[in-house]
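I opened this one with a fresh page and a cup of tea. Here is what I looked up, entry by entry.

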Amino acid sequence: MNDLEFRQQHLDTKSASFCAAKWYNATIWLGSGQTTSCHHPPAHHVTEKEVIINPAALHNTKQKRDDRAKMLAGERPAGCEYCWKIEDMGRDAISDRVYKSKIYPIESLDEAFSTPVHHDVNLRTLEIAFDRTCQFACSYCNPAFSSTWVNDIRKNGPYLKLESDGRNHFTHTHDSAQLYGFNDTNPYITAFFEWWETDLHKTLQELRITGGEPLMSGHTWKLIDWFRTNQGKSATRLAINSNLGADVDVDRLLLSIQGMQVEIYTSMEATGIAAEYIRDGLDYSAWQANVTKLLNAGITVHCMCTINALCLTTLTDHLNQLLAWKHQYGRERVNFTLNILRFPSFQSALVLSDVLRTRFNQVLAQWLAHNIANPLMQEHEINHTQRLIDYLDVVKTPHSDAFDMPKLLNDFKQFHTQYDHRRSKHFGTAFPELKEWYNFL
Ligand code: SF4
């Protein structure tokens with residue numbers, strides 16, 4: 001059954017907005033006590049009091065119950081705008097609502113649909129972050145998710161003259177993202193381990209640990225130890241998001257997970273100097289070496305591409321690298337997703353001029369035409385590439401916030417000028433194809 005047939009037969013028959021992720025999937029940031037259903041809707045807070053009484057409240061919040069009620073009635077929760085925007089592009093565009101629902105058995109979708117909204121639901125897939133410790137400070141990230149970003153703001157002060165970033169992500173250290181010190185007892189982490197021991201290890205299909213850089217957190221290693229010493233007790237698949245930077249201890253990881261089923265997710269969307277510009281802290285060759293080491297050890301690697309304005313100059317080179325690994329290690333051993341960046345909006349691909357967008361749209365369309373029949377490509381990879389081509393099409397996806405374009409362009413220039421200065425980088429060297437456009441901003 002293809003993605004569209006799945007949507008028509010198993011989602012549309014329930015309601016026009018049903019998405020199983022609202023029931024079975026969560027991202028939970030334990031450092032700040034925040035959660036969301038998938039990584040698209042904005043995070044919301046869970047009170048300490050609630051999780052002390054009921055650890056399942058880490059996921060079953062009032063906000064999620066309200067959103068579930070809306071989905072049962074066929075209404076669109078506002079926080080899921082990412083999916084509605086893609087579905088409104090037409091062409092039977094497949095949003096993440098489909099991908100994030102089809103990973104569950106059909107009976108589970110029916111069960112979610114008939115569960116009263118005031119009931120707690122046990123998670124099937126969970127992404128957790130213990131803290132924001134990270135040795136990278138990527139351009140589209142911010143201090144809420146990276147301690148290196150915190151250091152930038154502490155050392156150099158706020159980024160100045162940004163007009164469009166209503167969330168003020170680059171002006172302060174986001175202390176609310178790390179409510180507890182490393183030696184304090186964090187009630188959210190306590191609640192997680194409690195819920196894990198009582199229920200989660202029985203119901204979770206997949207537990208994915210994210211960060212920060214999770215391999216820099218002691219709690220991650222504690223959890224890996226739990227899996228190693230309790231082999232056979234839980235059927236949960238363990239997955240770890242890692243930037244696979246030069247100082248990530250891949251050898252220790254391989255030793256710790258020997259004999260276990262673990263998958264690695266890594267972020268990358270560009271190559272060489274362009275990738276190192278976007279993902280500050282990255283050594284691109286070291287990343288390639290770490291991916292190869294994991295593949296050689298039999299680990300499956302998923303590459304999450306965050307599609308922003310800067311990655312388009314080398315995106316197809318990156319996809320070719322992924323195809324080369326697929327060729328060497330197998331179609332399923334390397335996977336990719338193309339996730340369109342919305343925030344910060346001044347780093348979205350939509351800020352590029354129509355000429356540049358059209359050029360990148362054509363390059364990607366040619367790449368897909370060349371590879372669409374390649375047996376190494378999976379269906380979701382073809383669909384993700386096609387939806388990005390549509391997204392870059394200036395007619396199909398015009399600048400929805402044309403009114404704000406001057407502000408977005410101002411911020412693009414302001415941000416990267418300051419980023420270059422603080423991080424000792426040079427925009428024109430990393431992106432010669434964008435240099436002329438950038439210089440005129
Ligand atoms: S943003 Fe999309 S995938 Fe995520 S919970 Fe909402 S509808 Fe589901």
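**Entry 1: the core**

I began with the largest nonpolar core, which has 134 residues; Leu126, Phe192, Leu207 and Leu223 touch the most other members. The largest share of this core, 8 residues, is supplied by helix H9, residues 187–203. A reminder to myself: this is a predicted model.

Next I asked what leucine 126 is in contact with beyond its neighbours within four places in sequence. My list for leucine 126 reads Asn25, Ala26, Ile28, Phe192, Leu200, Leu204, Glu206, Leu207 and Arg208. Phe192 and Leu207 on that list were also named with Leu126 for their contacts in the core.

**Entry 2: around the ligand**

Which residues are around the ligand? I noted Cys19, Ser37, Cys38, His40, Pro41, Met71, Cys80, Cys83, Asp96, Arg97 and Lys100. Sorted by class, this shell has 6 nonpolar, 2 polar and 3 charged residues. I also checked the cavities, and the largest of them is the space that the ligand takes.

**Entry 3: aspartate 96**

Asp96 is one of the residues around the ligand, so I followed it up because I wanted to know whether it is buried or exposed. Aspartate 96 counts as buried, because its relative accessibility is 5% and the cut-off for buried is under 20%. I found aspartate 96 in helix H6, which covers residues 96–99.

Setting aside neighbours within four places in sequence, aspartate 96 is in contact with His40, Tyr82, Cys83, His384 and Arg387. His40 and Cys83 in that set also appear around the ligand. I then took one C-alpha to C-alpha distance: aspartate 96 and asparagine 339 are 9.5 Å apart in space and 243 residues apart in sequence.

**Entry 4: the loop between E5 and H10**

I went to this loop for its peptide bonds. Glycine 211 and glycine 212 are joined by a cis peptide bond, with omega about 10°. Glycine 212 is in the loop between E5 and H10.

Glutamate 213 is placed in the loop between strand E5 (206–210) and helix H10 (218–229). Why does glutamate 213 count as buried? Its relative accessibility is 1%, and buried means under 20%.

For glutamate 213 I wrote down contacts with Thr133, Cys134, Gln135, Asn241, Ser242, Asn243, Leu244 and Val248, leaving out neighbours within four places in sequence. Threonine 133 and glutamate 213 are 80 residues apart in sequence, yet their C-alpha atoms are 6.1 Å apart in space.

**Entry 5: another cis bond**

Where is the other cis bond I noted? A cis peptide bond joins phenylalanine 343 and proline 344, and omega there is about 0°. I found proline 344 in the loop between strand E9 (334–340) and helix H15 (354–371).

**Entry 6: positive phi in the loop between H8 and H9**

Lysine 161 is not a glycine, but its phi is positive, near 60°. Lysine 161 is in the loop between helix H8 (147–156) and H9. Lysine 161 is exposed, because its relative accessible area is 62% and the cut-off for exposed is over 50%.

Histidine 174 also lies in the loop between H8 and H9. Its phi is positive at about 50°, although histidine 174 is not a glycine. Histidine 174 counts as buried, with 8% relative accessibility.

**Entry 7: two leucines**

Leucine 376 lies in the loop between H15 and helix H16 (379–392). With a relative accessible area of 18%, leucine 376 is buried, since the cut-off is under 20%. Not counting neighbours within four places in sequence, leucine 376 is in contact with Leu323, Lys326, His327, Arg331 and Glu381. Between the C-alpha atoms of leucine 376 and asparagine 335 I noted 9.7 Å, with their positions 41 residues apart along the chain.

Leucine 294 lies in helix H13, residues 284–296. Leucine 294 counts as buried at 0% relative accessibility. Beyond residues up to four places away in sequence, leucine 294 touches Leu244, Val250, Leu253, Leu254, Ile264, Ile299, Val301 and Arg333. Leu244 on that list is also a contact of glutamate 213. My last distance was from leucine 294 to aspartate 152, C-alpha to C-alpha: 31 Å in space and 142 residues apart in sequence.

Notes
Residues are numbered from 1 along each chain as its sequence is written. This is a predicted model: local features need pLDDT of at least 70, side-chain atom pairs count only at pLDDT 80 or more; totals for chains, interfaces and linings use all residues. Side-chain values use heavy atoms; hydrogens and water are left out. A residue is near a molecule or strand if one of its heavy atoms lies within 4 Å of it. On a 1 Å grid over the protein atoms alone, a cavity is a set of points where a 1.4 Å probe fits but cannot get out, and a pocket is an open set with protein on both sides within 12 Å along at least five of seven lines; lining residues have an atom within 4 Å of a point. A molecule sits in a cavity or pocket if more than half of its atoms lie within 2 Å of its grid points. Ala, Val, Leu, Ile, Met, Phe, Trp, Tyr, Cys and Pro count as nonpolar, Asp, Glu, Lys and Arg as charged, and the others, Gly among them, as polar. A nonpolar core is a set of buried Ala, Val, Leu, Ile, Met, Phe, Trp, Tyr and Cys residues joined through side-chain atoms within 4.5 Å. Buried means under 20% relative accessible area, exposed over 50%, partly exposed in between (1.4 Å probe, protein chains only). Helices (H or I, at least four residues) and strands (E, at least two) are DSSP runs, numbered from the N terminus. Contact means heavy atoms within 4.5 Å.
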